[in-house]
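I opened my notebook to see how this chain is put together. Here is what I looked up, entry by entry.

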Amino acid sequence: MSTDTDTRRRPVSDNSDIQEPPRDHGEVRGGAAAKGHLPGSCYDRVCMEPSCSETPECLLNLPCSLHSCSSLTPRHAQKGHSTHVADGVWEDIPSKTTISAENEVEAQKLANNYKFGFRKWKSHVTERPFEDRSEIVKELYSELNIIKPNTGSLITCGNVLYVFLFGWWISLVYLLIGVLMFITIIGVPHGQLCFRLSCYFLWPFGKAIEKVSGSLSSFSVMLHNDDLLENPDEGKVTSPLLLPTPLENNVVEQSRAAEQHYWKRVNTYVWLFLGYPVLAVAHCVLGLLSWLLVFTIPVAKMSARTLRTILLMPPEQVHISSGRREEEGKAILCCYHALNVYYYKYTVDGINVFAVNLLPLVVISMVIGYVDQGNQVVSSEVKFATAIGSIIPLSYYIGMGIASISAQSNFAVGAVVNATFGSITELTFYITALLRGHRQDSKCLEEIVKSALTGTLLGCILFIPGICMIIGGLKHREQRFNSRSAGVSSSLLFISIGGVFAPTLFSKACGNLVCEDCTNSSGTNSSNGTFNCKNCHYDLSENNYSLFHSHIEPLVYTVSVLLPASYIIGLLFTLKTHSHIYDIHIGDSHASGHLDAVVHWSRWRALLILIIATVLMSICADLTTEHIQPILNHPGISQYFIGVTVLAMVPEIPEIVNGIQFALQNNISLSLEVGSCIAVQVCMIQIPILILFNAFYDVGFVLIFSDLHLWASIFSVIVVNYIFMDGKSDYFQGTALVVVYLILLALYFFAPSPAGC
């Protein structure tokens, strides 16, 4: 759903004979009136002209690299209002926001972010051309084989940290293996190599490992100087310097002969049996630790290159030299920095490295959950933590699969996939918890599910917009969004909250108040006088047949039909009858040479991953509900608090990350829509599905919430609608939302446990 499209206005003269020529897609309009705009915000600008797509002042802050743009036009009042300026009248004219991306699939994914009912996704679903990436990103994917002329100071905090974390012990391992190889006598060449590598790995920065053939005085890895090329066009085979010379042919032939002879020597197999296995284990440990730390991935790359290449080369061909040269060159291994803070952007097959690193947690949780069923080795608390943590990467993979299928399919398929798999994470946990609670004949898990539903609403209404406003406001000072499109989301939220809590309000108006543990204040058993009672609540049980079966249950089923109907009406309103509010146009001016998209996941692969991730999600949800009881029995934590925090917000961590990334790119509209979309899906899709499931398989789920859930949700919707009224956001408004959210969490933390727990 779009929130950043604006309304353009044109002056209408009183003289009807003078007409404005018709505009086309590439027309340049606007002008001096744009001088009063706030810097850093592109949501009051309309980008239309492909010829000026590189103008920085008009770049629409979407997660793509190319955007068409035009002159700036001012934001005015919404449609239906007019302003008299001199002798003319400003008339509202709806305009389109043009999206251009590297390819059509990526542009379709961006357009889906602005469609109602589609979950927002920031990451790319196609492979981005490497030459178009920034220098920072190119450095992340470097193979550590480039010798750079200017590297600056190598004594950095990250390099010093490498010595204390990894350098000293891997250097010690090489030293010990070198001594072992010297003891064998026949392995002296490899022992000398280990001594050299021991010094190298203690401080590898600024040093280069190169492959040489023959003697060092005769041959070098630098075969020619690119500066001597008279023809600037690289890759032309007609250039004589690119053809192999007799010297180069001789070097290559000698290198191949040396390698063939190397595998026929006895000391090679002594090295493979005594020295290489120990170093392989050491480098695997080094690579695993540095990869899990993410920011030290260069160390993992260095370790992998050493294990695969350097340790399998003849020792006499390994040459370690200084990496400082006047010109750029290539080597087998050359590293300058052990730590790079930008590695949080690193992806593997389109998946963020943090999600990849958390994926083994799924296997660990299943192994300890089903193998150690008696909790002899691992406690229930640890099993619960690993199972709930496993939901995070699975949610990310499900989100990537949904975005991949939607970007490669038409709107109908995308809408169905988003409506089904978009809520599968939460529904899997809710249904699993309800089934387990029904088997245990306990109402506690039902209350936990209701707490999780309410916690998701509060987090999506307050926390996600609030934290995005804070982070975006700190970087961009003030951000703007389309208040009318935000008003549509607010209206749907009002409808959703009103429908979900209608049975609760009805039951409180018509139900009977029942109290337990009543004692006479006078100390007698007389029925007269004042009583002190505990656990007072409205009788909403199925035993109260006249109220529940005759009134509340039909109302619940009615609401479960009206809410999805409202969702469908919202689709028709935003995508058909009033699509101009969210008018997104995919431009035709894609970058030349990038029209053929190379997707990370094909549709069938994405569907297969979705199915596998859903099955694993159900397993992890079952383990979570199985081992949650010790957490619920903890005397210092309210069961309400566990439901509204851990169980509600952990599955939404990928969505929170997406919202923050949108806010950092000055696209606060999509950040706000991230939370609104989830909240609307919870009320209009997830809860009706739970009611439908309960109708076919009675698990005792009744759509009646406690007073705390009721008033917290209503208050949250009122607050967020007040914040969204002016179409502006800054870090102060975001702080207000987050503070309200924390206050509500404090209420849940100190609230007494729900009935049945």
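How many bridges join strand β6 to β9, and do they run parallel or antiparallel? I found two bridges between β6 (residues 207-211) and β9, and the strands run antiparallel. A note to self before going on: this is a predicted model.

**Entry: the sheet**

I looked up one bridge by residue, and A208 has C334 in β9 as its bridge partner. I then traced the whole sheet, which is open, has three strands and follows the order β7-β6-β9, with antiparallel pairing. Both β7 (318-322) and β9 (333-334) are edge strands with a single partner strand each, so one side of each has no neighbour in the sheet. I also checked what lies across these strands: helix α4 (residues 188-202) lies across β6, β7 and β9, and runs at about 30° to β7.

**Entry: the cores**

Next I asked which residues have the most contacts inside the largest nonpolar core. They are L453, L647, L690 and F701, in a core of 112 residues. I followed L453 outward, leaving aside neighbours within four places in sequence, and listed its contacts as Y430, V682, Q686, I687, L690 and F701. Another core lies apart from the largest one; this other core has 41 residues, including L154, Y162, I310 and C335. I jotted down a general reminder here: in soluble globular proteins, nonpolar side chains tend to be buried together.

**Entry: helix α23**

I tried a length check on α23 (residues 731-750). At 1.5 Å a residue, its 20 residues should span 28 Å, and the end C-alpha atoms are 28 Å apart, so the two values agree. I listed the buried residues of α23 as Q733, G734, L737, V738, V740, Y741, L744, L745 and Y748. They cover an arc of only 155° around the axis, so they sit on the same side of α23. On the face turned away from that buried side I found the exposed residues F732 and F750. What do the buried residues of α23 pack against? My list reads α13 (444-476), α18 (639-644), α19 (646-649), α22 (707-723) and β16 (728-729).

**Entry: helix α16**

I repeated the length check on α16 (residues 603-626). Its 24 residues should span 34 Å at 1.5 Å a residue, and its end C-alpha atoms are 34 Å apart, which agrees. The buried residues of α16 include A606, I609, L610, A613 and M617, along with D622 and T625. Among the elements covering the buried residues of α16 I noted α9 (360-370), α10 (380-407), α11 (411-421), α12 (424-439) and α19.

**Entry: two serines and a histidine**

I looked up S560 in helix α15 (residues 545-577). S560 counts as buried because its relative accessibility is 14%, under the 20% cut-off. Setting aside neighbours within four places in sequence, S560 is in contact with P688 and I691.

S676 is in helix α21 (residues 668-696). It is buried, at 7% relative accessible area, and it touches C460 and S489, not counting residues up to four places away in sequence.

Is H600, in the loop between β15 (584-586) and α16, buried or exposed? H600 is buried, with a relative accessible area of 16%. I also compared H600 with G350: they are 250 residues apart in sequence and 6.0 Å apart in space, C-alpha to C-alpha. Not counting residues up to four places away in sequence, H600 touches H124, V125, T126, E127, D349, G350, M400 and R605.

Notes
Residues are numbered from 1 along each chain as its sequence is written. This is a predicted model: local features need pLDDT of at least 70, side-chain atom pairs count only at pLDDT 80 or more; totals for chains, interfaces and linings use all residues. Side-chain values use heavy atoms; hydrogens and water are left out. A nonpolar core is a set of buried Ala, Val, Leu, Ile, Met, Phe, Trp, Tyr and Cys residues joined through side-chain atoms within 4.5 Å. Buried means under 20% relative accessible area, exposed over 50%, partly exposed in between (1.4 Å probe, protein chains only). Contact means heavy atoms within 4.5 Å. Two strands pair if DSSP finds at least two bridges between them. Helices (H or I, at least four residues) and strands (E, at least two) are DSSP runs, numbered from the N terminus. Axes are lines fitted to C-alpha atoms, for helices over the stretch in contact, and angles run from 0 to 180 degrees between N-to-C directions. The expected span of a helix is 1.5 Å times one less than its number of residues. The arc is that of the directions from the helix axis to the C-beta atoms.
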